[in-house]
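Here are a few exercises to work through with the model open beside you. Try each task before you read its solution.

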Amino acid sequence: MTHPPTLAARALRHPSFAIGGALTLLLILVAGVSLVWTPLSPYDIDVPGKLHPPSPGHWFGTDSLGRDVISVAMAGAQNSILVGVIAVGVGLSLGTALGAVAAARRGWTEELIMRFTDFTFAFPAILSAIMLSAAFGPGIVVSIVAIGIFNIPIFARVTRASANAVWARDFVTAARAAGKGRLRITLEHVLPNILSALTVQATIQFANAILWEAALSYLGLGTQPPQPSWGRMLNDAQTQIFQAPWLALFPGAAIMLSVLGLNLMGDGLRDLLDPRLARER
Amino acid sequence: MALLEVENLTVRLRTARGPAEAVRDVSFALERGGTLGLVGESGSGKSMTALALIGLLPDGAEPSGKIRLAGQELLGLAESELCQIRGNRIAMVFQEPVTALNPLHSVGRQVAEPLILHGGMDHAAARAEAVRLLDRVRMPDAAQRAEAYPHQLSGGQRQRVTIAMALACKPDILIADEPTTALDVTIQRRILDLIAELVAEDSMALILISHDLGVIAENVERMLVMYGGSVVEGGPTEEVFGRPAHPYTRALLAARPALHLARGVRLKTIPGSVPELADLPPGCPFGDRCTLVIPACAAARPREERVGADHYARCIRLDAAAVAR
């Protein structure tokens, strides 16, 4: 009998995971590098040198204030990752907790939690962000909170649906027959068995968070100047779209490639982490 | 006082077609070291009876009656109190060893868990005891296999693991719900022998649930035949097999294949099918399939009639049934 290939070996041969993983790695790498080095400072204004097309001195050209576009775009990656990680983290922890409680308690607790998530889900992230910035003023925290809140019902639903399926399995009945309480069963049996579904969902929500962050910043509700952000770069580019199309091109491409990369990786993870598919491969 | 006394146990379910009684008025007693078999078709209420005993009925099921374990009433106990009893005093072995084990934990860990939970052992001691238990259920290379994950074991080995889990805390009662149905025929015998041996060694009481008459005949002292949620006949196994009284039991025994039958001879079958629980007739549940049925059968549920020492059947046509033999 030959050994089945390891997860790493299968991952490298999975086309969408390999491409998505490479793009995601690139995003993280760019954000990491921009912490210590960018070609020029993303904050340095050089009005006489504004709206330069791409050239060896400014690879992606300069914007209306003469800032180096590649430097701003690199620093903007940090912002996207920061918002994505925290917003998904908030949604994942609170949503998973709610979904797990709903699946463990059933009955009216489940109804209450799920109707609450329906209610939250009905609010678009944009609307929450507008309300929050009306109350607290716009800023990166507002976009993180708004996207985080929007993520809670998504994770709550995924968790409840997968957890209900695990609760129906015999080994959970066996664990209950062995005298385990609901909390122990949730922690030891349910959560480990839904980890793959949550991982996939988290990857995809991360991509969505980047998209929403860009949308909120574009609307002026998220990251505030001079903090670099892809969404704001797009907003700035709007007025000069015919004189300086590169201003929209590069942040747009950055958003597209990041979101594409994360989505492909999520898709790939779904295949790789599914034990049934794994065995057939 | 018997170890386990069940009196008039009834389980009401809410189904899409209205309320249904999955278990009707079941009573029995089990002594320490005793063995009891529940036999019946799918949907006869035998598994539901077992789940009621261990307090794991599905959501929305309402049990009533009495279940006393060494004098303590189990129905109506709080979940936290039931957790103290489950796995510790009443343990259960399930039908599907494939799905009854968590695929993500090593089998050693799964056997050790009840010991930590109820026995208060620390991890190292529980692990050592788990290996000893696996050895006791004749797991080859127990120490090594304790590190294995369920998918690395065969069906028979997995069932040995679930038995080891059930026995970990030396329960008073072991409930085995179709423990060999999912296994190869060659393994069935060995697993049943193992259960019988372990139960005798620790003088546990055993409740064996099966649809297989052969399994029941060989493994238990007393048996209850269930149909439509009711016990239609109960008594010592030898008695019930030797002198079946209820028409259903008799039909069931007649439907068994036998080696001496000539080629081409069709096996006897029971015409009709098991009634839906939601629309059980008010009278005898077997009424519409019984060859001896008379109008009085549909009037009221038959009472228990004595047919021998400790042997009874719920039928008003026992005289006719005896003649029909």
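## Exercises on two chains

**Before you start.** This is a predicted model, in which local features need pLDDT of at least 70, side-chain atom pairs count only at pLDDT 80 or more, and totals for chains, interfaces and linings use all residues. Residues are numbered from 1 along each chain as its sequence is written, while chains are lettered from A and ligands numbered from 1 in the order in which they are written.

**Exercise 1.** Find the residue that Ile173(B) stands opposite in β8(B), then place β7(B) among its neighbours.

*Solution.*
- Step 1: Ile173(B) faces Ala205(B) in β8(B). Strands here are DSSP runs of E with at least two residues, and helices are runs of H or I with at least four, numbered from the N terminus.
- Step 2: β7(B) and β8(B), residues 205–210, run parallel and are joined by five bridges. Two strands pair if DSSP finds at least two bridges between them.
- Step 3: β6(B), residues 90–93, also pairs with β7(B) in the parallel sense, over four bridges. Here Met92(B) lies opposite Ile175(B).
- Step 4: Together with helix α7(B), residues 185–201, β7(B) and β8(B) make a right-handed β-α-β unit (with the strands pointing away from the viewer, the path from the first strand over the helix to the second runs clockwise).

**Exercise 2.** Are the residues of β7(B) buried or exposed, and which way do they point?

*Solution.*
- Step 1: Five of the five residues in β7(B), 173–177, are buried. Buried means that 20 or more other C-beta atoms lie within 10 Å of the residue's own, exposed means 12 or fewer, and partly exposed is in between, with C-beta atoms placed from the backbone.
- Step 2: Ile173(B), Ile175(B) and Asp177(B) point one way, and Leu174(B) and Ala176(B) the other way.
- Step 3: Recall the general pattern: in a regular strand, side chains alternate between the two faces of the sheet.

**Exercise 3.** Work out the strand order of the open four-stranded sheet in chain B, and explain why one side of β2(B) and of β5(B) is left without a neighbour.

*Solution.*
- Step 1: The order is β2-β1-β4-β5 in chain B, with antiparallel pairing.
- Step 2: β2(B), 18–30, and β5(B), 72–73, stand at the edges with a single partner strand each, so one side of each has no neighbour in the sheet.
- Step 3: β1(B), residues 4–15, pairs with β4(B), residues 62–69, over seven bridges. Thr10(B) has Ser64(B) as its bridge partner in β4(B).
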